[in-house]
Amino acid sequence: MDFDPVLLARLQFAFTIIFHIIFPSFTIGLSAYLATLGVLWLRSGNDRYQHLMRFWTRIFAVSFAMGVVSGIVLSYQIGTNWSRFSVTAGNVLGPLLGYEVLAAFFLEATFLGVLLFGFNRVPPWLYVMSAAVVATGTAISAFWILSANSWMQTPTGHEMRDGIAYPADWLKIIFNPSFPYRFAHMLNAAYLTTGFVVLAVGARYLVAGRHIEEGRTMLRMAIGLTAVLAPLQLVIGDQHGLNTLEHQPIKVAAMEAHWDGNKPGDFHIFAWPDETAGVNHFELSIPKAASLVLTHRMNGLFPGLNSVPASDRPPVKIVFFAFRIMLAIGFFMIAAALFGAFLWWRGTLFETRWYLRVMAHSWWIGFVGVISGWIVTECGRQPWIVHGILRTADATSPVPGATIAGTLALFVLAYGVVFWFGIYYINRLIAQGPRQVAAETGHFSPSPISAAQDAGREALQR
Amino acid sequence: MEWYLPLIWAAVIGIAVVMYVLLDGFDLGIGILFPFAENESERDQMTRSIAPYWDGNETWLVLGGAGLFVAFPRAYAVIMPAFYIPVIVMLLALVFRGIAFEFRHVSRSKTGWNIAFAAGSTLATFAQGVILGRLIQGIPVKDGAFSGGSFDWATPFALVCGLSLIAGYGLLGATWLVMKTEGPVAEKARAHAKTLLMAVLASMIVVSLWTPLTEPRVAARWFSLPNFYFLWPVPVVTAVVAYLEWRWLEARRDVSPFLATMALFLLGYLGLVISNFPYLVPPSLTVWDTAAVPASQIFMLLGTLLLLPIVIGYIVFIYWLFRGKVREGESYH
Ligand code: HDD
Ligand code: HEM
Ligand code: HEM
């Protein structure tokens, strides 16, 4: 049988990285939430916060473990799957990944130990601080890896000699043009993802009539957060798109399925892009809306897909639909969060059961938003692996297709098992509820906890 | 090109690899010894002795890989495709043993995750040994890229190295348990340590004879004069350390057997470095052939000099925090 090694290497990489990003999207936000709960606990001395913190820590532990092991896979796959890319871009990208390991991974991994196992051994302030350190570590990790990825989208600060990129200006490399937008957008996406999971769990408890106190706390915290961050994501995303238009106009054309650059762009709510004929079928569009968003003028022009040969275009359908899914989720998040805030203001949040029911089933939307966003970004960059420097087809390793296909099958199998068990266990922890989980983890001797309570009381009196 | 930069980097990566082997070695070793535990309480004790550290330990593997990518991208680009299958098998094995820590804790029936933990640890170790062994034998390179086949790694020597490493990590794990646990777990570990020590010595002898016999460049390195005058102490010291370790195990010491095992590993490592320096990809690519440009190496070196001491500082802190023995029935999270 004949396997196309490039296609398989891409499929394998896409599969493993999509699997990986599911967990950072959750752990980046959740670690910050744990730290927040910890600070609230120390300041108020209220045990509800402590229970919530320990409950979410258990869930965090399971997710974090899956994030770590799938991340280790990726750091080696860059070499196994993209060895020629490693040679071409290694001088520039290597140090960025190296800094991620030294500045972030060790920090996360070590303080995770304190967070998971230190409750009985360290004073409460150190316990809470380690949650904050882990949260900081995850954000630093996102900083470096997104800088690396952004450089692949919008490379600057390097010079090319003999087809190899040499670093010229590190600041320009790290703070390349798309990086600030991507960092802000992704970090915000991670906080939103976690926010909606917490919201869903809180709503689930209220609907079931269990753990009412904890459920209400979660609901309030999550709505407070997402009501600010969801609209903010629209603003960041809009700016992000304008920046992409400047540096990767063909990606934007694919996002909008905009073929003819001589006409203003419509915003297609739905369309079926036909990549051979270079037109859309079944269009349902808002006339000139894309031009208005992207150029701020009704009749503004921006490049169309037809302005470059077909071999230089990304796969239009994938990018177009993934973009629409992300937008739909973005607007749903705004609506859900603002409506929740409105109910809260009216004082009927905890009684509006249909709203709680809907939210209880919406825990997954952040993950799908993140994945579709990345598909837009990464597939939209095609046919380049490093925009304008190296084509994906020239980046692969000298490994036969059959080998890649075999290992891809192994990955699908192994990750499938891990994923379903992970979801199952997390769901069971949630079903058990905060009090039971917090109590179960506490075979601890009475002294540290009362010490903790004393500390909390002291803090309260001050 | 500054000739010393690649040497500094070779040293940095060398240190990362040593740290990885010593630290993740003992926690993979716990997995290797897992099938010999009799009940859940023993197994809990074993995992608890490493639970706060395993993630940090594995991060050295990431540092080694990332360091190779940073400092020697061309070696990275040859080694990874050459060991495509063993590397991916190792990674998948690490996936299973890594999540098994958390999953066996939250699942009702632990059997499945016990098996995943033991098998994952053993398989990952075996794959690492195979990669190392095959690397020593040399891999074919043409135009700066790997030019062999997908199954080139499966040589008798590489497989022997795989098995040897299982014995080696097993010994690290057993002496760790002697140090960190008490009761039946520690007793059993002491017995295992003796058997494994013999196995490790046997493997060291086999590997030390096999390589010079089949690789002329290794023979020339060790047995030519004047090298031999400087090198003969390496095997002698190794023998002395092994003898002491045996004595210490007999004398029921807690900490010294673990230290002796680490010393054995360092000596074996030293032997490998002596055999292969300055090749990163024997027998063709040296540290200088594969180095990244000085600008990249310097930029990363600055960060390493600044950050690595901090990293080591808080790693010491966490080992200190969880010092002492794990008792039977102590809680997990
Ligand atoms: C926006 C964030 C983000 C993105 C785009 C990526 N990661 Fe990641 N990664 C994290 C955010 C993160 C994290 C939040 O830091 C993780 C997730 C959960 C965790 O355990 O740490 C992590 C873990 C993690 C680990 C294990 C760290 C450890 O031992 O503690 C490795 C080796 C990688 N990642 C490597 C990668 C590579 C090679 C990527 C891309 C090709 C990548 N990650 C994309
Ligand atoms: C974590 C979120 C990410 C997701 C979900 C993601 C998703 C994807 C997908 C779907 C592909 C396949 C695209 C295609 O072949 O058409 C891909 C390719 C790739 N991505 Fe990403 N990506 C992410 C982040 C990153 C980062 C941070 C880097 C680099 C540091 C990176 C480097 C690559 C490389 C090297 C390829 C292979 C070449 C290619 O097919 O373009 N990705 N990614
Ligand atoms: C509703 C408003 C939103 C807009 C206008 C928007 C816009 C964009 C644009 C233009 C890109 C592609 C940038 C590029 O490739 O250069 C992108 C990527 C992305 N989006 Fe969104 N987005 C929105 C909502 C969301 C939401 C709700 C999430 C997730 C919860 C999300 C997650 C992502 C991610 C993870 C990426 C890939 C990383 C990146 O390039 O930043 N987005 N977004």
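Which helices of chain A each supply at least two residues of the shell around ligand 2? They turn out to be H1, H4 and H12, where helices are DSSP runs of H or I with at least four residues, numbered from the N terminus. This is a predicted model, so local features need pLDDT of at least 70 and side-chain atom pairs count only at pLDDT 80 or more, while totals for chains, interfaces and linings use all residues. Residues are numbered from 1 along each chain as its sequence is written, chains are lettered from A and ligands numbered from 1 in the order in which they are written, and side-chain values use heavy atoms, with hydrogens and water left out.

Ligand 2 is surrounded by 18 residues, a residue being counted if one of its heavy atoms lies within 4 Å of the molecule. Arg10(A), Ile21(A), Glu378(A), Arg381(A) and Gln382(A) come closest. H1(A) gives the largest share of this shell, with six residues. Sorted by class, the shell holds 12 nonpolar, three polar and three charged residues; here Ala, Val, Leu, Ile, Met, Phe, Trp, Tyr, Cys and Pro count as nonpolar, Asp, Glu, Lys and Arg as charged, and the others, Gly among them, as polar.

Glu378(A) does double duty in the listing for ligand 2. Through OE, this residue is the only protein donor of the iron atom, at 2.3 Å. Donors are N, O and S atoms within 2.8 Å of the metal (3.2 Å for Na, K and Ca), and water is not among the atoms, so sites may look incomplete. A polar side-chain atom of Glu378(A) also sits 2.7 Å from a nitrogen atom of the ligand. On the chain, Glu378(A) belongs to helix H12, residues 365-381. As for the oxygen atoms of ligand 2, one lies 2.5 Å from a polar side-chain atom of Arg10(A), and the side chain of Arg381(A) has an N or O atom 2.8 Å from an oxygen atom of the ligand.

Ligand 1 is placed between chains A and B. Its shell counts 23 residues, with His20(A), Phe64(A), Val68(A), Glu108(A) and Ser141(A) the closest. At least two residues each come from H1 (5-44), H2 (47-81), H3 (83-117) and H4 (124-153) of chain A, and from H3 (54-71) of chain B. H2(A) contributes the largest share, seven residues. By class there are 13 nonpolar, eight polar and two charged residues.

Polar backbone atoms feature in the contacts of ligand 1 with chain A: an oxygen atom of the ligand is 3.3 Å from one in Phe64(A) and 3.4 Å from one in Val68(A). From chain B, the side chain of Asp55(B) places an N or O atom 3.5 Å from a ligand oxygen.

Definitions and conventions. Polar contact = N/O pair within 3.5 Å; in protein donor to acceptor, adjacent residues only side chain to side chain.
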